[in-house]
Amino acid sequence: MAFKLHGSTGSTCTRRVALIAKERNIPYEFIPVNMSVAEHKQPPHLQHQPFGQVPFIVQEDGFELFESRAIGRYLTTFGSGPQLIPTEPKAYAKFEQAAGIEYAQFDPIAAGITVEKIFKPRYGQATNEKHLEGLIAQFESKLNGYEAILGKQKYLAGDEVTLADLYHLPYGKWVFVDLGLGDLDKRPNLKRWWNDISSRPSWQAVKDGV
Ligand SMILES: N[C@@H](CCC(=O)N[C@@H](CS)C(=O)NCC(=O)O)C(=O)O
């Protein structure tokens, strides 16, 4: 299997896909979408991603898919490397729980913080300090949940790494590394987990661009 990855090198969602391709040793060709001129809002792009966002993939047989997490799941059915989605029913249920944690508890807050603290200043917009304060308070409270889970097991779904862990990496880099949030020194289990997943060769290969 090989595919074309249409996206933007600075986009977290594009990196999420590239990361899983690297984990599964699947080659891809990166096709840049020029978001600075709103290429992603133009009809040719909308034919592939109707919400005007990146990324999407096109497989060599013409099969197309968007939504980075769905693409990641699809990629686990190809290539080689760690399984990343368990198949035994109870392990699978725990995986879905962990995937839900990433999507519902982590992503909206981490993305909100990144928008307020990184993207708005970058594009000359004012940070909404009150909103940011609320997001950081929520983030701190969520991380206490992570600390509790990771005190009992190595990864979010159990003792094996899964997609649910890896999907944290793109926004985790912004909030934990670039913004230094999360008080990792006070949350040893979270710190161990973050150091573990962020040192994987797949992430090292794409963390600064795809
Ligand atoms: N749920 C989608 C979200 C896609 C998304 O938000 N992409 C961002 C870049 S990371 C984007 O295209 N933003 C531009 C916009 O929404 O106009 C996915 O995971 O693929």
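This is a short tour of a predicted model, starting at the ligand and moving outward through the chain.

**Stop 1: the ligand and its shell**

Select the ligand and show the residues around it. The shell holds 13 residues, and the closest are Cys13, Lys41, Val54, Glu67 and Ser68. Colour the shell by residue class: four of its residues are nonpolar, six are polar and three are charged. If a surface is switched on, note that the ligand takes up the space of the largest pocket. Now show the secondary structure. Two elements, α1 (12-23) and α3 (68-75), each give two or more residues to the shell around the ligand.

**Stop 2: polar atoms at the ligand**

Keep the ligand selected and add serine 68. An N or O atom in the side chain of serine 68 is 2.6 Å from an oxygen atom of the ligand. Next add glutamine 53, where an N or O atom of the side chain lies 3.0 Å from a ligand oxygen. For valine 54, turn on the backbone: a polar backbone atom of this residue is 2.9 Å from a nitrogen atom of the ligand. Then compare the ligand alone with the ligand in place. Alone, the ligand exposes 510 Å², and the protein buries 75% of that area.

**Stop 3: valine 54 to proline 55**

Stay on valine 54 and extend the selection to proline 55. The peptide bond from valine 54 to proline 55 is cis, with omega near 5°. Proline 55 sits in the loop that joins α2 (43-46) to β3 (56-59). Valine 54 thus appears twice on this tour, once for its backbone contact with the ligand and once for the cis bond that leads to proline 55.

**Stop 4: alanine 38**

Go to the loop between β2 (28-32) and α2, and select alanine 38 there. Its phi is near 55°, which is a positive value in a residue other than glycine.

**Stop 5: helix α4**

Finish at helix α4 (residues 89-122), and select glutamate 116 and lysine 120. Which residue forms a salt bridge with lysine 120? The partner is glutamate 116, and the closest N and O atoms of the pair are 3.0 Å apart. Viewed along the helix, the two residues are four positions apart, about one turn. For the model, the count comes to twelve salt bridges.

Conventions: Residues numbered from 1 in each chain as written. Predicted model: local features only at pLDDT ≥ 70, side-chain atom pairs only at ≥ 80, totals over all residues. Heavy atoms only, no water. Near = heavy atom within 4 Å. Polar contact = N/O pair within 3.5 Å; in protein donor to acceptor, adjacent residues only side chain to side chain. Areas by Shrake-Rupley, 256 points an atom, 1.4 Å probe, with all protein chains shown as cover. 1 Å grid on protein atoms, 1.4 Å probe; cavity = no way out; pocket = protein on both sides within 12 Å on 5 of 7 lines; lining within 4 Å. Sits in = over half its atoms within 2 Å of the grid points. Nonpolar A, V, L, I, M, F, W, Y, C, P; charged D, E, K, R; others polar. Salt bridge = Lys/Arg side-chain N within 4 Å of Asp/Glu carboxyl O.
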